[in-house]
Amino acid sequence: MHNPDDRQFAPATQRNRDPILAILTQVLPSSGTVLEISSGTGEHAVFFAPALAPRRWLPTDLNPAARASIAAWQLYAPAANLHPPLALDVRDPVWPVETAANLDFDLKDSPITAIVNINMIHIAPWSACLGLMAGAGRILPAGGVLYLYGPFKQNGRHTAPSNVEFDQTLRLQNPEWGVRNLEEVVAVAQTQQLNFVRTYEMPANNLSVLFQKAGE
Ligand SMILES: C[S@@+](CC[C@H](N)C(=O)[O-])C[C@H]1O[C@@H](n2cnc3c(N)ncnc32)[C@H](O)[C@@H]1O
């Protein structure tokens with residue numbers, strides 16, 4: 001059983017959730033299921049799900065402690081359209097939503113129309129970005145949306161001194177981590193038929209980055 005005491009707290013989620021929601025409200029398809037990759041504590045999931053109904057919100061994370069926190073947040077703040085967290089490592093060649101394993105609803109009734117990934121690709125090896133794009137390419141229908149949020153370099157340069165420092169801190173924690181070049185992320189997305197649409201400037205020198213699956 002999950003326990004509300006398993007809830008973890010990431011203070012940044014309280015600061016970025018309103019600006020992110022404002023963008024999601026504009027860019028997400030109006031129906032279907034939003035697959036959240038790397039949901040972390042689950043604070044975003046419990047905040048976004050009720051605000052974005054009737055879409056379904058499906059949180060996931062690689063880390064069991066994160067999944068326990070997401071489930072605990074769900075106990076604390078339930079929403080009818082918020083589903084239990086799935087174990088999902090973006091680097092896996094098949095994601096659980098592709099086999100519908102461990103799902104409490106039928107994806108045929110509410111197909112995945114969008115994938116949301118906040119603050120992961122710089123706090124994970126580059127292989128996570130490659131896996132994310134490959135999975136989004138396999139799963140999203142034509143016209144489906146991939147939304148990324150985080151700090152990015154543009155044209156190989158940091159966009160703010162605070163991001164230089166953050167990048168150094170990340171690389172000290174793990175040499176495979178680091179703030180990514182937007183152009184490289186866009187190039188990988190393109191190989192999976194995910195067309196770059198636009199960026200949105202966000203607080204604290206972050207970007208929202210929007211992609212759309214080709215075919216519509
Ligand atoms: C900095 S946290 C961000 C969590 C949340 N999205 C937020 O904004 O608070 C990064 C998350 O990425 C997850 N993660 C790292 N590598 C991953 C992978 N290969 N597949 C899926 N999730 C991954 C971690 O478990 C962690 O929850």
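This report describes strand S5 and the packing of helix H5 against helix H7 in a predicted model.

Strand S5, which spans residues 145-150, has six of its six residues buried, so the strand is largely enclosed by the rest of the structure. Val145, Tyr147 and Tyr149 point one way from S5, whereas Leu146, Leu148 and Gly150 point the other way, and residues of both groups are buried. S5 pairs with strand S4 in the parallel sense and with strand S9 in the antiparallel sense, as the table sets out.

| Partner of S5 | Sense | Bridges | One bridge pair |
|---|---|---|---|
| S4 (residues 112-118) | parallel | five | Asn117 with Leu148 |
| S9 (residues 206-213) | antiparallel | six | Tyr149 with Ser208 |

Between S4 and S5 the chain passes through helix H5, and the β-α-β crossover that results is right-handed.

Helix H5 also packs against another helix. Two packed helices are described by the angle between their axes and the distance between the axes. The axes of H5 (residues 126-139) and H7 (residues 182-191) come within 9 Å and cross at roughly 35°, and the crossing in which H5 passes H7 is right-handed. On the H5 side the residues in contact are Trp126, Cys129, Leu130 and Met133, which meet Glu184, Val185, Val188 and Ala189 of H7. By residue class, this contact of H5 with H7 comprises seven nonpolar residues, no polar residues and one charged residue.

Notes: Residues are numbered from 1 along each chain as its sequence is written. This is a predicted model: local features need pLDDT of at least 70, side-chain atom pairs count only at pLDDT 80 or more; totals for chains, interfaces and linings use all residues. Side-chain values use heavy atoms; hydrogens and water are left out. Axes are lines fitted to C-alpha atoms, for helices over the stretch in contact, and angles run from 0 to 180 degrees between N-to-C directions. Helices (H or I, at least four residues) and strands (E, at least two) are DSSP runs, numbered from the N terminus. A crossing is left-handed if the near helix is turned anticlockwise from the far one by less than a right angle, and right-handed if clockwise. Contact means heavy atoms within 4.5 Å. Ala, Val, Leu, Ile, Met, Phe, Trp, Tyr, Cys and Pro count as nonpolar, Asp, Glu, Lys and Arg as charged, and the others, Gly among them, as polar. Buried means under 20% relative accessible area, exposed over 50%, partly exposed in between (1.4 Å probe, protein chains only). Two strands pair if DSSP finds at least two bridges between them. A crossover is right-handed if, with the strands pointing away from the viewer, the path from the first strand over the helix to the second runs clockwise.
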